[in-house]
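Work through the exercises below with the coordinates open beside you, and try each task before reading its solution.

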Amino acid sequence: MKKRFIFVITGMMIAVLAGCNAGSKENKADAFDKHQLAGTLSMAEGDYRSAVESYEKALAINPAPNDHALVYRGLASSYFKLEKYDEALIYLKKAIDVNPGYALNYALSGTIYNKQKKYDKCMEALETYIALKPEDIESYQILSNACFEAKKYAKAIHYAQEYLKYHPDDADMYLLTGMCHVADGGNIYDIAGAFLKAAELGSDKASKYLQMIMEDAARQSGRE
């Protein structure tokens, strides 16, 4: 009888403990969701410091969440808004590891690298982005500028031309194209053509470059 009583009590204790563990897991999940939601709401309100606090509380509960990297992206975006770019990149890398097919992680990475003047890394991130989202034409502008700064002139011209197919009235991109042709030793027709188009669209700098080209051509003609 005593043995049976002990067995029953032991079984009841195991059941209670199992219930407590389940409740603990459930409470942790609820707490994680609560902090994640609070972070998202703070971001929507533009309160990025509070968003960071909430997201970090969520990660303290579960440092490796199975949430498709939502918390990592939230932290990265919040740190970006706070101009804490190194911290943003840390969480972007985590987000990419968890969900490598999510294009906007690469877009934000490229934007940060561009601000940091790390142009090679900016190119790498944005080229990955446009491979996933080729329809986002606006990103070609940043990519073209990054290629120019990295002295990848042929690439810069390519992306500028892709951008200009959809924005043919952008004087700055014609100006950039002309500068790329100059830096890459392009022919005078491509150089003058790009600067002329930029000047027609209102670029004073392009007009000055055209004037310099004409004066140089006149000097060369006089020597002959």
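The exercises that follow concern a predicted model, and each task is followed by its solution.

**Exercise 1. Helix H10**

Task: Compare the span of helix H10 with its expected value, then establish which of its residues are buried and how they are arranged about the axis.

Solution: Begin with the length, where H10 comprises residues 188-200, that is 13 residues, and extends 18 Å from its first C-alpha to its last, close to the 18 Å expected at 1.5 Å a residue. Next, list the residues under 20% relative accessible area, which in H10 are Ile191, Ala194, Phe195 and Ala198. Viewed down the axis of H10, these buried residues fall within an arc of 90°, so they line one face of the helix. Tyr189 and Glu200 are exposed residues on the face of H10 turned away from its buried side. Finally, inspect the two ends: asparagine 187 caps the N-terminal end of H10, with a side-chain oxygen 2.9 Å from the backbone nitrogen of tyrosine 189, while just after H10 glycine 202 adopts a positive phi of about 105°.

**Exercise 2. Helix H5**

Task: Repeat the length test for helix H5, and determine which helices its buried residues pack against.

Solution: H5 covers residues 103-115, and its 13 residues should span 18 Å at 1.5 Å a residue; the end C-alpha atoms are 19 Å apart, which agrees. The buried residues of H5 include Ala103, Asn105, Tyr106, Leu108 and Ile112. The buried residues of H5 pack against H3, helix H4 (85-98) and helix H6 (119-132). Following H5 comes lysine 117, whose phi is positive, near 60°.

**Exercise 3. Two cysteines**

Task: Decide whether cysteine 122 is paired or unpaired in a disulfide, and give the distance to the nearest cysteine sulfur.

Solution: A search of the whole structure returns 0 disulfides. Cysteine 122 is accordingly in no disulfide, and the nearest cysteine sulfur, that of cysteine 147, is 8.1 Å away, whereas the criterion requires sulfur atoms within 2.5 Å. Cysteine 122 is buried, with a relative accessible area of 0%, and cysteine 147 is likewise buried, with a relative accessible area of 0%.

**Exercise 4. Aspartate 67**

Task: Locate aspartate 67 in the fold, and state whether it is buried or exposed.

Solution: Aspartate 67 sits in the loop between helix H2 (48-61) and helix H3 (70-81), and it is buried, with a relative accessible area of 8%. Leaving aside residues up to four places away in sequence, aspartate 67 touches Phe32 and Gln36. Aspartate 67 and valine 98 are 31 residues apart in sequence, and their C-alpha atoms are 9.3 Å apart in space.

Methods: Residues are numbered from 1 along each chain as its sequence is written. This is a predicted model: local features need pLDDT of at least 70, side-chain atom pairs count only at pLDDT 80 or more; totals for chains, interfaces and linings use all residues. Side-chain values use heavy atoms; hydrogens and water are left out. Helices (H or I, at least four residues) and strands (E, at least two) are DSSP runs, numbered from the N terminus. Buried means under 20% relative accessible area, exposed over 50%, partly exposed in between (1.4 Å probe, protein chains only). Contact means heavy atoms within 4.5 Å. The expected span of a helix is 1.5 Å times one less than its number of residues. The arc is that of the directions from the helix axis to the C-beta atoms. A polar contact is a pair of N or O atoms within 3.5 Å; within protein, one must be able to donate a hydrogen and the other to accept it, and residues adjacent in sequence count only if both atoms are side-chain atoms.
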